[in-house]
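Colleague: Please take a close look at one part of this model, the packing of its helices against one another, and follow it into the nonpolar interior. I would like one connected account, with the cut-offs stated.

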Amino acid sequence: MSRLVDKHVIITGAAQGQGAAIARAFVREGARVVIADVADEAGLALASELGEVAYFSHHDVSDPASWDRLVAEAEERFGTSVNVLVNNAGILRFGEVDTMPLADLDLLISVNMRGCFLGMQAVAPAMKRNRQGSIINCSSVEGLAGMASLTAYTGTKFAIRGMTKAAAVELGAHGVRVNSVHPGMIDTAMTQAAGGEAAMQWGATRVPLERVGTPEDVAPLYVYLASDESGYTTGGEFAVDGGVTATHSFYPGNSGGRGR
Ligand code: NAD
């Protein structure tokens, strides 16, 4: 359990859900981790569960000053630069194209897209100086295809996928890798709020593996992308989605339309 020894990591949105599972998996593999989130209570509880190799820092990904403080604090506490960033924080808002309030669009852009960009901007200088680093950006299956009522969210997740590729090209010569992860439907507070158990059950019928994913299904991919095992991998997009993007919109469920 030492795949991430000497990795000094910031994980945004790590107080709960997928971010928390990633933090637990990283600590198991020997990393030191900053749990960066706006959710203080859950973040502090996770930090105390993980012990002295992790700490919580209140952080809003949409705020450049918050990034400056976070990175400086991490360098001081770790005694060295951050060499892995997981841009995991994100929010979801539903809305149809013709009626969605502009304020919801702006909020999605601010947290999902701007937050991801600011994170890369905050860690890139030290990573370039040290000629090493791994940045992992959480997109979605909505960064690979569209879904009704998710036009704005989908826009931010395509943006994350695109920024990942451009940054990977730009930073490659400096030894810095950038990849995107594309989770399918994962059972977290985000999806529970979006429709609860009924949504989960519906989701399971649309996925070739016939179940909704868990945060623990997602975390091992992040471990791989953070570790030196993925040293020749950059600009890549990695679906962890039960196979949902292997099919198309005519997908009839695993009955294949035969009603088994
Ligand atoms: P979640 O709601 O459980 O966790 C999101 C975390 O982000 C929370 O802890 C929240 O406090 C934090 N956060 C929100 N705004 C923030 C901000 N401005 N600054 C810092 N932290 C902030 O949801 P999750 O499913 O664990 O989501 C993690 C990521 O996975 C998100 O980027 C989401 O878009 C993406 N995703 C989720 C699913 C899914 O089905 N759950 C699918 C694809 C992609």
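Modeller: What follows starts with one helix pair and moves outward from there. This is a predicted model, in which local features need pLDDT of at least 70 and side-chain atom pairs count only at pLDDT 80 or more, whereas totals for chains, interfaces and linings use all residues. Residues are numbered from 1 along each chain as its sequence is written, and side-chain values use heavy atoms, with hydrogens and water left out.

The axes of α4 (102–130) and α5 (151–171) come within 9 Å and cross at roughly 15°; such axes are lines fitted to C-alpha atoms, for helices over the stretch in contact, with angles running from 0 to 180 degrees between N-to-C directions. That makes α4 roughly parallel to α5, a label for angles under 35 degrees. The crossing of the two is right-handed, meaning that the near helix is turned clockwise from the far one by less than a right angle.

On the α4 side the contact (heavy atoms within 4.5 Å) includes L105, L108, I109, M113 and F117, and on the α5 side it includes Y153, I160, M163 and L171. By class, this contact has 15 nonpolar, two polar and two charged residues, where Ala, Val, Leu, Ile, Met, Phe, Trp, Tyr, Cys and Pro count as nonpolar, Asp, Glu, Lys and Arg as charged, and the others, Gly among them, as polar.

Both helices also feed the largest nonpolar core, since β2 (32–37), α3 (64–78), α4, α5 and β6 (176–183) each supply at least two of its residues. This core has 34 residues, and its largest share, eight residues, comes from α4. A core here is a set of buried Ala, Val, Leu, Ile, Met, Phe, Trp, Tyr and Cys residues joined through side-chain atoms within 4.5 Å, buried being under 20% relative accessible area with a 1.4 Å probe and protein chains only. The residues with the most contacts inside it are I10, W67 and I135. Not counting residues up to four places away in sequence, W67 touches I10 and L85, and also G115, L118, G119 and A122, among others. Apart from this core lies another, of 33 residues, including F26, I35, A47 and C138.

Beyond α4, in the loop that leads to β5 (133–138), is R131, which has a positive phi of about 55° although it is not a glycine.

Conventions:
Buried means under 20% relative accessible area, exposed over 50%, partly exposed in between (1.4 Å probe, protein chains only). Helices (H or I, at least four residues) and strands (E, at least two) are DSSP runs, numbered from the N terminus. Angles under 35 degrees count as roughly parallel, over 145 as roughly antiparallel, 65 to 115 as roughly perpendicular and the rest as oblique.
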